[in-house]
Amino acid sequence: MLIDRCVIEVRSGKGGDGAISFLHDKNTEWGGPDGGNGGKGGSVFLLAKANLNTLYNFRHSRVIMAMDGEKGHKQNMYGRSAPDVTVEVPVGTVVSIESTGEVLADLKKEGDIVMVAKGGRGGRGNVCFKSSRHRIPRVAENGHPGEKKRLVLELKMLADAGLIGFPSVGKSTFLNVVSRANVETADYPFTTLIPNLGVVHLKDGRSFVLADMPGLIKGAHEGKGLGIQFLRHIERCRVLIHMVSMSEERDPYQDYQTINDELKDYGADLEKRPQLVVATRMDEEGAEERKEKFDKQLGFKSLPLSSLTHLGVDPLLKKAMDLIEKTPEFPLKGIVTGGVKVYDAHLDKQAEDFEIVKLRPHVWHIQGEKVEKTYALINITTDEGIAKLVKYLDKIGVDDRLYDMGAQDGDSVTVGEFEFIYTR
Ligand SMILES: Nc1nc2c(ncn2[C@@H]2O[C@H](COP(=O)(O)OP(=O)(O)OP(=O)(O)O)[C@@H](O)[C@H]2O)c(=O)[nH]1
Ligand SMILES: [Mg+2]
């Protein structure tokens, strides 16, 4: 399995700070608070797209940043929220955190999306804070910080077609001719030790992923040679390209049967996969005659190929492509596909014991022994006191709980005699 891997850094924007300001116009010389909220910082998302098939683009742009939210303004004007940044990645990209290896998402289908860095919430302006004992607070929240993470993106490419056959029949040479895989080839058995993949682009614009497997030999299903342990990589291949050498050292038909027996004995129904039988090394002496005899034994015509002279390359690719398009995918057992995981950084917060009750529509009340005790210790007639209380409520996760309970922008929330306005 070919693994394309890269490390990127994602940074979400900080929320804008809330404003401290007081209403004053011609008629009111000294009015109530009117400092608006800061805007939300931009978040960073990764979105799976089927038309991409490599992570190559990330080699040049490794840092993905969303902007900060704007500060709040006077006259109860909100700061502008920064736009979210959505970056497209190929379908099949697995996203994990570099330092811990924790997998955040496995983007398996077109349209799967994951938030990888959450934008900071804008700070509340002083218009949000009222208390019966302290009517004009000079308190505003700072915007919440953005997040910064280093992520590993991995793309595991699954092959559409797999090359199988005895060692030295020319599997790797063919892969090199039709793709940019550039794998080692040599005139001794088991040159290929692990499967290689290449992307094949046809002249008509279509493309498929081709896997070159280590050679198989008799007894492979019992572990002889190398190849069989890798056959699980082609369990998902829609089409098998079975290569049989027409060079004089071998008996083509016997080789062909041996490989098919091994596929059957492997036990994953690989023998039932659509197969293209290809006669390779057709440029060699006597190949024509051997192919003729081979085709008679087969009862159908094998496809002629020479990777040296390029004879038969294009017709073979076209046949393989057509067959791939006609054949449904074979799902690997035990692999669940689909699903979107949206990673929410706020879940990391430590939860503390408190309860939120809905008193009536748009009015919420926070209660609980610990919260009430803390509240009692804070002097909310001072700005410092209010700032401290607001920070505390934020730390214990009041906002997230309100969000989960369905609170809406502008709802009123009380704790003791203190009231603030909920903003998302
Ligand atoms: N004359 C001729 N030689 C070829 C052709 N294709 C491959 N060869 C030669 O055959 C030898 C084996 O080729 P590979 O592509 O390494 O064979 P393989 O099937 O990948 O072999 P393993 O990796 O060992 O399973 C190399 O020396 C190639 O140069 C061909 O079309 N014509
Ligand atoms: Mg090889």
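## A tour from hairpin to ligand

Start at the hairpin of strand 18 and strand 19: two residues lie between the strands, and G416 takes a positive phi near 55 degrees. This is a predicted model, where local features need pLDDT of at least 70, side-chain atom pairs count only at pLDDT 80 or more, and totals for chains, interfaces and linings use all residues. Residues are numbered from 1 along each chain as its sequence is written, chains are lettered from A and ligands numbered from 1 in the order in which they are written, and side-chain values use heavy atoms, with hydrogens and water left out.

**Stop 1: strands 18 and 19.** Select residues 412-415 and 418-421. These are strand 18 and strand 19, paired in the antiparallel sense over four bridges. Pick V413; its bridge partner in strand 19 is F420. Strands (E, at least two residues) and helices (H or I, at least four) are DSSP runs, numbered from the N terminus. Two strands pair if DSSP finds at least two bridges between them.

**Stop 2: the three-stranded sheet.** Now show strands 4, 2 and 7. They form an open sheet in the order 4-2-7, with mixed pairing. Strand 4 (85-90) and strand 7 (113-117) are the edges; each has a single partner strand, so one side of each is left without a neighbour in the sheet. From one strand to the next, the twist averages 30 degrees. Angles run from 0 to 180 degrees between N-to-C directions, and axes are lines fitted to C-alpha atoms, for helices over the stretch in contact. Strand 2 (residues 44-49) runs antiparallel to strand 7, joined by four bridges. Within that pair, V44 stands opposite A117.

**Stop 3: the six-stranded sheet.** Select strands 10 to 15. This open sheet has the order 11-12-10-13-14-15, again with mixed pairing. Its edge strands are strand 11 (196-201) and strand 15 (303-304), each pairing on one side only. Inside the sheet, strand 10 (residues 161-165) and strand 13 (residues 239-245) run parallel, with five bridges between them. Click I164: its partner in strand 13 is H242. Then add helix 3 (residues 287-298), which packs on the sheet and touches strand 13, strand 14 (275-280) and strand 15. Contact means heavy atoms within 4.5 Å. The direction of helix 3 makes about 155 degrees with that of strand 14.

**Stop 4: the hairpin at the edge.** Strand 11 and strand 12 pair in the antiparallel sense over six bridges. V200 stands opposite F208. Five residues separate the strands of this hairpin, and G205 takes a positive phi near 95 degrees. Go to R206, in the loop between strand 11 and strand 12 (207-212). Its side chain makes a polar contact of 2.9 Å with that of E325. Polar contacts are pairs of N or O atoms within 3.5 Å; within protein, one must be able to donate a hydrogen and the other to accept it, and residues adjacent in sequence count only if both atoms are side-chain atoms. Not counting residues up to four places away in sequence, R206 touches V200, H201, K318, M321, D322 and E325.

**Stop 5: ligand 1.** Finish at ligand 1. Of the 22 residues around it, T173, F190, T192, D283 and S307 come nearest. A residue counts as near if one of its heavy atoms lies within 4 Å. Check the ligand's oxygen atoms. One is 2.8 Å from a backbone N or O atom of S168. The side chain of S172 also places an N or O atom 2.8 Å from an oxygen atom of ligand 1.
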